[in-house]
Amino acid sequence: MSYSQLVWFKKDLRIKDHSPLYQASKKRNCICLFIYDEETIHTDDFDTRHFNFLNQSLIDLRKKLNELGSNLIIRRGKCVEVFRELHNKHPFDTIWAHQETGNWISYQRDLKVLSWAKETGIQYREFYQNGVVRKLHTRDGWSRIWNQRMNEKIIPTPSSIHSPKNIDCGQILKPSEFNLNSTTNTKELVGGESHARQCLETFLRERGKNYQKEMSSPVTAFDSCSRMSSYLTFGNISIKEVYQASKERANQIRSKKSKSNPEDKGWLKSLSSFQSRLRWHCHFIQKLEDEPEIEYQNINRAYDGLREGAFNSEYYEAWLKGQTGYPIIDACMRALKDGGWINFRMRAMLVSFTSYHLWLHWKKPAIELARLFTDYEPGIHYSQIQMQAGVTGINTVRIYSPIKQVIDQDPQGIFIKSYLPELNSIPDHHLAEPHKMTQLEQSMYGCVIGKNYPKPIVDHSEAYRGARDRIYSIKKMKSTKEESKKVFLKHGSRKSNRRPARD
Ligand SMILES: Cc1cc2nc3c(=O)[nH]c(=O)nc-3n(C[C@H](O)[C@H](O)[C@H](O)COP(=O)(O)OP(=O)(O)OC[C@H]3O[C@@H](n4cnc5c(N)ncnc54)[C@H](O)[C@@H]3O)c2cc1C
């Protein structure tokens, strides 16, 4: 009997720089498979926006595989059951796949597939696809490994793929077939390898020029940030390819005669900041890889009990609906619903607000934000959420003022007003704290606080002071400091004294 090879596509929906596909394609009869995995789709952190991006990626992948003479076989179900059924009809002797650091459910799924393959006598060949190191013993030297991997040769796209022709290809399915609603938002980016490359190209040629200066404001960030995050999450492009393209662009600029041109200097700074963030991408995912439990529990257990039992559902609902009475918070929440993306500074501020001002435990907001972010990447997400909630013990406690953020990042209300039309006629100087307008001003500008726009749900200064005292009372304890040392040893960045995750 002749056995096939099976390439299992997961969060690596591309054909270029794809080791499993390249290796398997060298043999005859290569089955390319994607599974709509019932278990990972029916989780709290999964949303239609992820499904849509996934489907767009599948359409592009199928087209590209067709051009290479193959097809993308699509199935739905629990992964082991799908593998078993396929193997019964079309035996394969090797599964080729990428390692994935996902949520708890996908981690369990991978273990089940691995164990089934072992029982069935099928080889399971797994490859890394980023700088995350499996079974890492120490964080010392991690950056060196990352650099080494990012500078490895790009794996070429196979020139052709021989696939068995007698397999039913299966359909790209609709969200409604998984009880997901069927909305498609035109403000969302479109998934797929072709779009990923276009997005990278426009960033490296034009949009990234002022990246370093413009990444923090939601007025400029939508254009000046790379917007590569969802493409990286779904593996529409490899992080290595993105890194090498940005290095190549920097080298091109350096080789120009007009090196001292301010525009070129700006470009070089922007590209260097961008490359650092690509390293952070893997640095944060490494934390979840090393300790999958951080999806559910504090990285630093000394903070256990700090916010449990204090959950105020009214605050939570107001935050979720963009009805807190703080314009920049509300605009961000509404922008996320609309387009599935917001920049780093605003994400950090949203979590700081729920964690400090509203004193909510990070778990429920984390799930909600996971559903709102098209680029949801569990390793970055949970590490960042915990850092912004102040429960790692190894990062500076940063409590963002939602008032100062308006003054610093959107003083003319360009972003805010595009999402909060009820504030349209308010003069700029009232935008940070509209509730401070007099009654007369409120009626003059057609925005009565409590009627057209909510009164702040908490007082900023009072909430800030209360939260700061509570968090520092734990942070300064000897037992917390001891725990923090352990956290640093396991997860801390060893790269000089710089802390990652600021912008
Ligand atoms: C609370 C919170 C949750 C977050 N959740 C996610 C998430 O689920 N998925 C996700 O991709 N990013 C997450 N981030 C990190 C960051 O906000 C996004 O990566 C970034 O905004 C994506 O936009 P971009 O692709 O234009 O990024 P750029 O600024 O252009 O950066 C390029 C790439 O570098 C990586 N990157 C950038 N900033 C960071 C960072 N601070 N930490 C780790 N990697 C970074 C991303 O892969 C990004 O695509 C989170 C940040 C916070 C504060």
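This report covers two loop residues, a strand-helix-strand unit and the surroundings of the ligand.

The model is predicted: local features need pLDDT of at least 70, side-chain atom pairs count only at pLDDT 80 or more, and totals for chains, interfaces and linings use all residues. Residues are numbered from 1 along each chain as its sequence is written.

Helices (H or I, at least four residues) and strands (E, at least two) are DSSP runs, numbered from the N terminus. A residue is buried if 20 or more other C-beta atoms lie within 10 Å of its own, exposed if 12 or fewer, and partly exposed in between, with C-beta atoms placed from the backbone.

The table lists two residues that have a positive phi although neither is a glycine.

| Residue | Phi | Loop between | C-beta neighbours within 10 Å |
|---|---|---|---|
| Asn 29 | about 55° | H1 (19-25) and S2 (30-37) | 17, partly exposed |
| Lys 135 | about 55° | S5 (123-127) and H6 (142-150) | 6, exposed |

Strand S5 also pairs (at least two DSSP bridges) with strand S4 (residues 92-98), in the parallel sense over five bridges. In this pair, Ile 95 stands opposite Tyr 124.

The ligand is surrounded by 29 residues, each with its C-beta atom, placed from the backbone, within 6 Å of the ligand. The closest are Cys 225, Ser 226, Ser 229, Arg 277 and Phe 344. Helix H12 (262-290) is one of the elements that give two or more residues to this shell, and its share of six residues is the largest. Domain 2 (193-290) and domain 3 (294-491) both contribute to the shell, so the ligand lies between them; the domain bounds come from an automatic or database domain assignment.
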